[in-house]
Amino acid sequence: MEFGKDAVIEVKDACIFQGLDAVLQNVNFSIEKDEFVFLIGRTGSGKSSLLKTLYADLSLKMGQAEIVGFQLSKIKKSEVPYLRRKLGIVFQDFQLFPDRSIAENLFFVMKATGWKDKEKMKNRMIEVLLKVGLADAATKMPHQLSGGEQQRVVIARALINQPSIVLADEPTGNLDPDVADGIFKLFQEINNEGTAILMATHNHDLLRKYPYRVLKCEKGKLLDSKTSDITINTSY
Ligand SMILES: Nc1ncnc2c1ncn2[C@@H]1O[C@H](COP(=O)(O)OP(=O)(O)OP(=O)(O)O)[C@@H](O)[C@H]1O
């Protein structure tokens, strides 16, 4: 498969499986390096399964997909950590270690992704916390932060290795609308600095307010607002 010049993701004729069940068929899309893309669809329509396939948590059994230079149909287990180093991944539930400080949470990821120099690690930690507006959080424990602040730490963690794309699965799902808006704006800033974003969301307000490209999982297919009319105001 030829990889498009500016594409960070390119998927061709892929089928997304959960076990033996094909959740999405004939999936075709690519995402360029500066794009912001929403991923929508009813509950159970396949959003998380698609994202999991993209970060190699589910294997790609049919079709082709290339993400940040990795061919998912051929990827070996031993290569998955290298793929994840080049991606930022953000989930709805914050998944910070509750018994470690924010600094320790970030250092944990750095060590797991090959960082060794203590001074550089400290500097990068300060940098990413500054970026998400939490310069004073390093010594705090997760429970001392609000939900929105914890999600900011998760975003900081996802940015550590300067990913070319962030995959976000309902990152504002558990947050109050105002807090969710702040988190969304942070994703926009990250995008404006040159990182592509693929964000699964049920948040209709965001979809109405920000007219980014939309991919929609519907009836086993993936529709693309670049090539199809997509309704976002139906209930799902
Ligand atoms: N671990 C699993 N094992 C088997 N089937 C699963 C698993 N996780 C999800 N599925 C099934 O795969 C299909 C797609 O689910 P998926 O979680 O990808 O949907 P989703 O669009 O992300 O939903 P939601 O908006 O509720 O998060 C559903 O039919 C679901 O029941």
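Which residues in α1 are buried? In this predicted model, the buried residues of α1 are K47, S48, S49, L50, L51, T53 and L54. The legends below start with the whole chain and then turn to close-up views.

**Figure 1. The whole chain is built from 7 helices and 10 strands.**
The model shown is a predicted one. The C-alpha atoms fill a box of roughly 45 × 40 × 35 Å, taken along the principal axes. A compact globule of 236 residues would have a radius of gyration near 18 Å, and the chain agrees with this because its own value is 18 Å. Of the 236 residues, 38% are buried. Among contacts with a separation of 6 or more, 68% are between residues 24 or more positions apart.

**Figure 2. Helix α1 covers residues 47-54 and is mostly covered itself.**
Of the 8 residues in α1, 7 are buried. They include K47 and S48, and further along the helix L50, L51 and L54. After α1 comes A56, which has a positive phi, near 60°. The helix has strands of two sheets beside it. It lies across β1, β2 and β4, and it also lies across β3, β7, β8 and β9. The direction of α1 makes about 120° with β1 and about 145° with β7.

**Figure 3. The shell around the ligand takes its largest share from α1.**
How many residues of the shell come from α1? The helix supplies 3 residues. Among the residues around the ligand are K47, S48 and S49, and these are also buried residues of α1. Q18, G19 and V23 belong to the shell too, as do G41, T43, G44, S45 and G46. C217 is another residue found around the ligand. By type, the shell divides into 9 polar, 2 nonpolar and 1 charged.

**Figure 4. Four strands form an open antiparallel sheet.**
In general, strands of a sheet pair through backbone hydrogen bonds, and the pairing can be parallel or antiparallel. In this sheet the 4 strands follow the order β2-β1-β4-β5. At the edges are β2 (21-32) and β5 (70-71), each of which pairs on one side only. Strand β4, residues 62-67, is joined to β5 by 2 bridges, and the two run antiparallel. One residue to look for is I67, whose bridge partner in β5 is F70. Helix α1 lies across β1 (7-18), β2 and β4 of this sheet.

**Figure 5. Six strands form an open sheet with mixed pairing.**
The strand order is β6-β7-β8-β3-β9-β10. The edge strands are β6 (87-90) and β10 (221-224), and each pairs on one side only. On average, neighbouring strands of this sheet are turned by 15° against each other, direction ignored. At one end of the order, β6 is joined by 4 bridges to β7 (residues 165-169), and this pair runs parallel. Within the pair, L87 has I165 in β7 as its bridge partner. Helix α6, residues 177-192, packs on the sheet and touches β3, β7 and β8. The direction of α6 makes about 150° with that of β8.

**Figure 6. Strand β3 is mostly covered and has a partner on either side.**
In β3, 4 of the 5 residues are buried. Which way does β3 run relative to β8, parallel or antiparallel? The two strands run parallel and are joined by 4 bridges. Here F38 stands opposite M199 in β8. On its other side β3 is joined to β9 by 4 bridges, again running parallel. In that pair, I40 stands opposite K216 in β9.

**Figure 7. Two helix residues, K185 and Q150, show an exposed and a buried position.**
K185 lies in helix α6. Why does K185 count as exposed? It has 11 C-beta neighbours inside 10 Å, and a residue is exposed with 12 or fewer. The C-alpha atoms of K185 and M125 are 21 Å apart in space, while the two residues are 60 apart in sequence. Q150 is found in helix α5, residues 147-159. Q150 counts as buried because it has 23 C-beta neighbours inside 10 Å, where 20 or more are needed. From Q150 to A137, 13 residues apart along the chain, the C-alpha separation is 9.8 Å.

Technical notes
Residues are numbered from 1 along each chain as its sequence is written. This is a predicted model: local features need pLDDT of at least 70, side-chain atom pairs count only at pLDDT 80 or more; totals for chains, interfaces and linings use all residues. The radius of gyration is taken over C-alpha atoms; the globule rule is 2.2 Å times the number of residues to the power 0.38. Two residues are in contact if their C-beta atoms, placed from the backbone, lie within 7 Å. A residue is near a molecule or strand if its C-beta atom, placed from the backbone, lies within 6 Å of it. Ala, Val, Leu, Ile, Met, Phe, Trp, Tyr, Cys and Pro count as nonpolar, Asp, Glu, Lys and Arg as charged, and the others, Gly among them, as polar. Two strands pair if DSSP finds at least two bridges between them. Axes are lines fitted to C-alpha atoms, for helices over the stretch in contact, and angles run from 0 to 180 degrees between N-to-C directions.
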